[in-house]
Amino acid sequence: PGAAEALRALIDKDLQANAPPEALHNPNLYRTSRLYNRDVDNVLRAEMPLLRALYDLFCAKAHTRFLRLEGWLDVLDTYRMSGNHTGVSKREAKLIFAWSQMVVVDEVARRSRASSLDFLDFLEAFCRVADLVSPPPLEDLQDALAWELEMSEEEVAAVMAAHPYFTFYATLDSKPGIEHARRPSGELRAAPTRPLAFKLLAFLDYVKQAVHVTWETTNDHQLLFKMEAMTRLLAESKGG
């Protein structure tokens, strides 16, 4: 056989046959089956100012045009999106980073873009994290608050009326001894059983409130003002 046939045999029979499942993941299949639909788009659009502010802030913090891997991990760590309480490991966060990158035609000429997330990539990565965390349905969450976190009926009712997912994950984060089993469909390569839009909406309940707590703000206008001001300050410090 010629060199082309030999190379094809090497790829098909040796490399691909022995590659780990993560290396064979098809990002476009996830996009078409989970990400690209009206419900997900509506959830993202509703929180677009916050998501854009997060992206711009961490790009400015690293003095980069696009979000690199270190910046992505920093976002997840700063606002407690990764860790035992959410079930998102650093390995999984890195895989999500890689899977969320769109193909760049010339990776040599556009090396910075090819090794980073642009804003649309960032949105996809955020959605993938929400899918992985797989927040429980409200009825299951209510039971978890009562049984896993040992809340009274009155406490559960108060939590459910405010930010139930924030309270649940923040409490898990503050009490590392509590074990919370992630839903089987929440494993990184498991087949999902619920629409992404629901998971994304629930995850945003947690993340948005976590950002508010970090910035000590009580409304979205105040939060965005402070985040955008810090972004400008960091950008100016680069110029200086």
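Helix 4 and helix 8 cross in a right-handed sense (right-handed if the near helix is turned clockwise from the far one by less than a right angle, left-handed if anticlockwise). The contact is made by Met-48, Leu-51, Arg-52, Leu-54 and Tyr-55 of helix 4 together with Phe-119, Phe-122, Leu-123 and Phe-126 of helix 8, where contact means heavy atoms within 4.5 Å. By class, the residues of this contact are 8 nonpolar, no polar and 1 charged. Here Ala, Val, Leu, Ile, Met, Phe, Trp, Tyr, Cys and Pro count as nonpolar, Asp, Glu, Lys and Arg as charged, and the others, Gly among them, as polar. The axes of helix 4 (residues 48-62) and helix 8 come within 11 Å and cross at roughly 110 degrees; axes are lines fitted to C-alpha atoms, for helices over the stretch in contact, and angles run from 0 to 180 degrees between N-to-C directions. Helix 4 and helix 8 are therefore roughly perpendicular to each other (65 to 115 degrees, with under 35 roughly parallel, over 145 roughly antiparallel and the rest oblique).

Before going on, please keep in mind that this is a predicted model, in which local features need pLDDT of at least 70 and side-chain atom pairs count only at pLDDT 80 or more, while totals for chains, interfaces and linings use all residues. Residues are numbered from 1 along each chain as its sequence is written, and side-chain values use heavy atoms, with hydrogens and water left out. The mean pLDDT of the chain is 87, and 84% of its residues reach 70 or more; pLDDT is the predictor's confidence in each residue, from 0 to 100. Among the elements of the chain, helix 3 (residues 38-46) has the highest mean pLDDT, 98, and helix 7 (residues 111-114) the lowest, 59.

Stepping back to the whole fold, you will find 13 helices and 0 strands, taken as DSSP runs numbered from the N terminus (helices are H or I with at least four residues, strands E with at least two). Of the 240 residues in the chain, 42% are buried (under 20% relative accessible area, with over 50% exposed and partly exposed in between, for a 1.4 Å probe and protein chains only). Among contacts with a separation of 6 or more, 70% join residues 24 or more positions apart.

A second helix pair is worth a visit. Helix 11 (residues 164-174) and helix 12 (residues 196-215) pack at an angle of about 70 degrees, with their axes 8 Å apart. That makes helix 11 roughly perpendicular to helix 12, and their crossing is right-handed. On the helix 11 side, Pro-164, Tyr-165, Phe-166, Tyr-169 and Ala-170 take part, meeting Phe-198, Ala-202, Asp-205, Tyr-206, Gln-209, Ala-210 and Val-213 of helix 12. The residues of this contact divide into 10 nonpolar, 1 polar and 1 charged.

Now for some single residues. Ser-116 sits in the loop between helix 7 and helix 8 (119-133) and is buried, with a relative accessible area of 0%. Leaving aside neighbours within four places in sequence, Ser-116 touches Phe-66, Leu-67, Arg-68, Phe-97, Gln-101 and Asp-121. Asp-121 also links to Trp-99 in this tour: the two are 22 residues apart in sequence and 9.1 Å apart in space, C-alpha to C-alpha. Trp-99 belongs to helix 6 (residues 90-99) and is buried, at 7% relative accessible area.

Finally, Pro-136 lies in the loop between helix 8 and helix 9 (138-147) and is buried, with a relative accessible area of 7%. The C-alpha atoms of Pro-136 and Phe-203 are separated by 9.9 Å, with their positions 67 residues apart along the chain counted as the distance apart.
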